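I opened this notebook to record what I looked up in one structure. The entries follow the order in which I took up each topic.

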Amino acid sequence: MIDDVGLDLAAARRVIALDAGVSIAVLPYAEAAATVSAEAAAAGHDVLLHMPMEPQGEQDPGPNALLVGNTAAENLRRLKWHLARLPGAIGLNNHMGSRFTADAAQMRPVLEAANDAQLFYLDSRTSGSSVGYEVARELPMPALQRDIFLDH
């Protein structure tokens with residue numbers, strides 16, 4: 001899995017040129033998100049929605065991020081906006097999200113909607129406090145969680 005893909009189209013195309021066994025998580029707010037998603041899928045990659053979620057601290061997760069202070073309806077509206085930008089996505093994982101993924105009450109409606117859309121959830125485990133994987137499994141929803149994280 002390579003995430004944070006899409007903001008740089010040339011870099012995204014280098015990722016797409018990798019072996020098709022690599023899954024690609026695309027930032028849905030990227031200008032080229034639909035292009036990257038389509039090219040990645042055509043090259044045989046699984047494409048995930050790299051869903052912007054609220055982190056701990058001051059980092060900006062990007063436009064239309066899921067926030068703990070939002071109503072469930074507002075977060076679902078934001079999820080639908082992101083999903084519409086990546087129609088070929090087969091799953092989603094969190095972009096940042098250490099604060100949001102620690103809140104089971106906020107995660108549940110988002111994962112229910114993703115499950116209804118027949119997506120799986122990959123918990124990027126940006127925090128040891130994440131409950132995303134557990135909530136997904138309770139639904140039940142196909143879910144995974146990462147165990148190794150390599151950063152630049």
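**Entry 1: a loop and its proline.** I located proline 140 in the loop between helix H5 (132–138) and strand S6 (143–145). The model is a predicted one, and I read every entry below with that in mind. I then checked the peptide bond that joins leucine 139 and proline 140, and I recorded it as cis, with omega about -10°.

**Entry 2: a backbone angle in a strand.** I turned next to methionine 96, which is found in strand S4. I noted that phi of methionine 96 is near 60°, a positive value in a residue other than glycine.

**Entry 3: the largest pocket.** I asked how much space lies in the largest pocket. The value I recorded is about 320 Å³. I then looked up its lining, which is made of 14 residues, and I wrote down Asp3, Asp4, His50, Phe149 and Asp151 as the closest to the centre of the pocket. Which strands each supply at least two residues of this lining? I found strand S1 (2–5) and strand S4 (91–96). The largest share comes from S4, with three residues. Sorted by class, I entered the lining as three nonpolar, six polar and five charged residues.

**Entry 4: the second largest pocket.** For the second largest pocket I recorded about 230 Å³ of space. I listed its lining as Met1, Ile2, Asp3, Asn93, Leu122, Ser124, Arg146, Ile148, Phe149 and Leu150. By class, I counted six nonpolar, two polar and two charged residues in the lining of this pocket. On comparing my notes, I saw that Asp3 and Phe149 are among the residues closest to the centre of the largest pocket and are also in the lining of the second largest pocket.

**Entry 5: helices H1 and H2.** I examined helix H1 (residues 9–16) and helix H2 (residues 33–42), and found that their axes come within 10 Å and cross at roughly 15°. Angles under 35 degrees count as roughly parallel, and I therefore entered H1 as roughly parallel to H2. I noted that H1 passes H2 in a right-handed crossing. On the H1 side, I found Leu9, Ala12, Arg13 and Ile16, which meet Thr35, Val36, Glu39 and Ala40 in H2. By class, I recorded this contact as five nonpolar, one polar and two charged residues.

**Entry 6: helices H3 and H4.** I looked last at helix H3 (residues 72–85) and helix H4 (residues 104–116). Their axes come within 10 Å and cross at roughly 40°. What does that angle make H3 in relation to H4? I entered H3 as oblique to H4, because of that angle. H3 passes H4 in a right-handed crossing. I listed Ala72, Asn75, Leu76 and Leu79 in H3 as meeting Gln106, Pro109, Val110, Ala113 and Ala114 in H4. The residues of this contact divide into seven nonpolar, two polar and no charged.

Definitions and conventions: Residues are numbered from 1 along each chain as its sequence is written. This is a predicted model: local features need pLDDT of at least 70, side-chain atom pairs count only at pLDDT 80 or more; totals for chains, interfaces and linings use all residues. Side-chain values use heavy atoms; hydrogens and water are left out. Axes are lines fitted to C-alpha atoms, for helices over the stretch in contact, and angles run from 0 to 180 degrees between N-to-C directions. Helices (H or I, at least four residues) and strands (E, at least two) are DSSP runs, numbered from the N terminus. Angles under 35 degrees count as roughly parallel, over 145 as roughly antiparallel, 65 to 115 as roughly perpendicular and the rest as oblique. A crossing is left-handed if the near helix is turned anticlockwise from the far one by less than a right angle, and right-handed if clockwise. Contact means heavy atoms within 4.5 Å. Ala, Val, Leu, Ile, Met, Phe, Trp, Tyr, Cys and Pro count as nonpolar, Asp, Glu, Lys and Arg as charged, and the others, Gly among them, as polar. On a 1 Å grid over the protein atoms alone, a cavity is a set of points where a 1.4 Å probe fits but cannot get out, and a pocket is an open set with protein on both sides within 12 Å along at least five of seven lines; lining residues have an atom within 4 Å of a point. Grid points are joined across faces, edges and corners, and a volume is the space filled by probe spheres set on the points.
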